[in-house]
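Colleague: I'm new to this one, and I'd love a friendly walk through it. Could you show me the structure before we talk?

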Amino acid sequence: MKLNIKFLSQKGFSLVEVLVALVIISILLSIISSYMLNSYKQSNMVKNNFTAEQLAQDLLNTYKTMDFSTLYNKLGTTEQVDIRNQLQIDNSVNLNNVSATAQFIKYPNPAISDRIIDIKIIVTYTSFGIQRQITLEGYNRK
């Protein structure tokens with residue numbers, strides 16, 4: 001009889017308590033991992049957007065410093081830009097999901113349209129299967 005009382009008075013966890021604790025821990029871990037995955041995706045999208053914006057700005061600056069007469073001959077056209085060659089980017093940089101176009105538009109004010117060329121740079125990139133665009137505009141003047 002004393003043996004049974006000693007056995008019942010021992011402190012410990014029952015199987016049900018252990019299973020409940022495991023279920024609670026697994027629910028918490030799934031919530032945390034879901035949050036971390038969403039944070040990773042959001043961070044990657046911001047990084048891709050920033051990179052595309054930097055590329056667009058660098059391309060615009062390149063066209064803004066080009067010879068005016070060279071760009072004047074391109075008025076009214078749109079050209080596909082070779083980003084790697086135009087910006088002299090190393091081959092180790094991955095530009096597989098990025099493309100760019102440049103549009104050369106006659107300035108709308110007729111009084112100065114022969115001295116200013118509007119330049120529109122459109123950088124298109126894919127982030128998590130979604131295609132996005134960054135558009136920047138500037139000008140080159142005589």
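Modeller: What follows is a set of questions and answers, going from the overall form to single residues.

Colleague: Before we start, what kind of model is this, and how are residues numbered?

Modeller: Residues are numbered from 1 along each chain as its sequence is written, and side-chain values use heavy atoms, with hydrogens and water left out. Local features need pLDDT of at least 70 and side-chain atom pairs count only at pLDDT 80 or more, while totals for chains, interfaces and linings use all residues, since this is a predicted model.

Colleague: Which pattern do the helices and strands follow along the sequence?

Modeller: Helices (H or I, at least four residues) and strands (E, at least two) are DSSP runs, numbered from the N terminus. The protein has four helices and four strands. In sequence order, the pattern is α-α-α-β-α-β-β-β.

Colleague: What is the radius of gyration of the protein?

Modeller: The radius is taken over C-alpha atoms, and the globule rule is 2.2 Å times the number of residues to the power 0.38. The C-alpha atoms fill a box of roughly 110 × 35 × 20 Å along the principal axes. For 142 residues the globule rule gives 14 Å, and the protein is well over that, so it is more spread out than a compact globule, with a radius of gyration of 30 Å.

Colleague: What percentage of the residues is buried?

Modeller: Buried means under 20% relative accessible area, exposed over 50%, and partly exposed in between (1.4 Å probe, protein chains only). Of the 142 residues in the protein, the buried share is 24%.

Colleague: How far apart do the centres of the positive and negative side chains lie?

Modeller: Lys and Arg count as positive and Asp and Glu as negative, leaving out His and the chain ends. A charge is placed at NZ of Lys, CZ of Arg, CG of Asp or CD of Glu. With 14 positive and 10 negative side chains, the distance between the two centres is 13 Å.

Colleague: Which strand is joined to β3 by 12 bridges?

Modeller: Two strands pair if DSSP finds at least two bridges between them. β3 covers residues 116-127, and its antiparallel partner covers residues 130-141. Ile-116 has Arg-141 as its bridge partner, and Thr-126 stands opposite Gln-131. The strand joined to β3 by 12 bridges is β4.

Colleague: Which residue in the turn of that hairpin has a positive phi?

Modeller: Two residues lie between β3 and β4 in the hairpin. The residue in question is not a glycine, and its phi is near 55 degrees. Its relative accessible area is 41%, so it is partly exposed. It is Phe-128.

Colleague: How many bridges pair β2 with β3?

Modeller: Two of the pairs can be named: Ala-102 has Ile-121 in β3 as its bridge partner, and Ile-105 has Asp-118. β2 and β3 run in the antiparallel sense, and the number of bridges is nine.

Colleague: And which strand is joined to β2 by four bridges?

Modeller: One of the pairs is Gln-80 with Thr-101 in β2. The strand in question spans residues 78-81 and runs antiparallel to β2. It is β1.

Colleague: How many residues of β3 are buried?

Modeller: Thr-124 lies in strand β3, and at 13% relative accessibility it counts as buried. Contact means heavy atoms within 4.5 Å; beyond its neighbours within four places in sequence, Thr-124 touches residues including Asn-97, Val-98 and Arg-132. The strand is largely enclosed by the rest of the structure, because its buried residues number 10 of the 12.

Colleague: Is Leu-87 buried or exposed?

Modeller: Leu-87 is in the loop between α4 (83-86) and β2 (98-106). Leaving aside neighbours within four places in sequence, Leu-87 is in contact with Leu-55, Asp-58, Leu-59 and Thr-62. Its relative accessible area is 19%, so Leu-87 is buried.

Colleague: Is Gln-88 buried or exposed?

Modeller: Gln-88 is found in the loop between α4 and β2. Although not a glycine, Gln-88 has a positive phi of about 55 degrees. Its relative accessible area is 73%, so Gln-88 is exposed.

Colleague: Last one: in which helix is Val-20?

Modeller: Val-20 is partly exposed, with a relative accessible area of 44%. Its C-alpha atom is separated by 21 Å from that of Ser-34, 14 residues apart along the chain. The helix holding Val-20 covers residues 15-64 and is α2.
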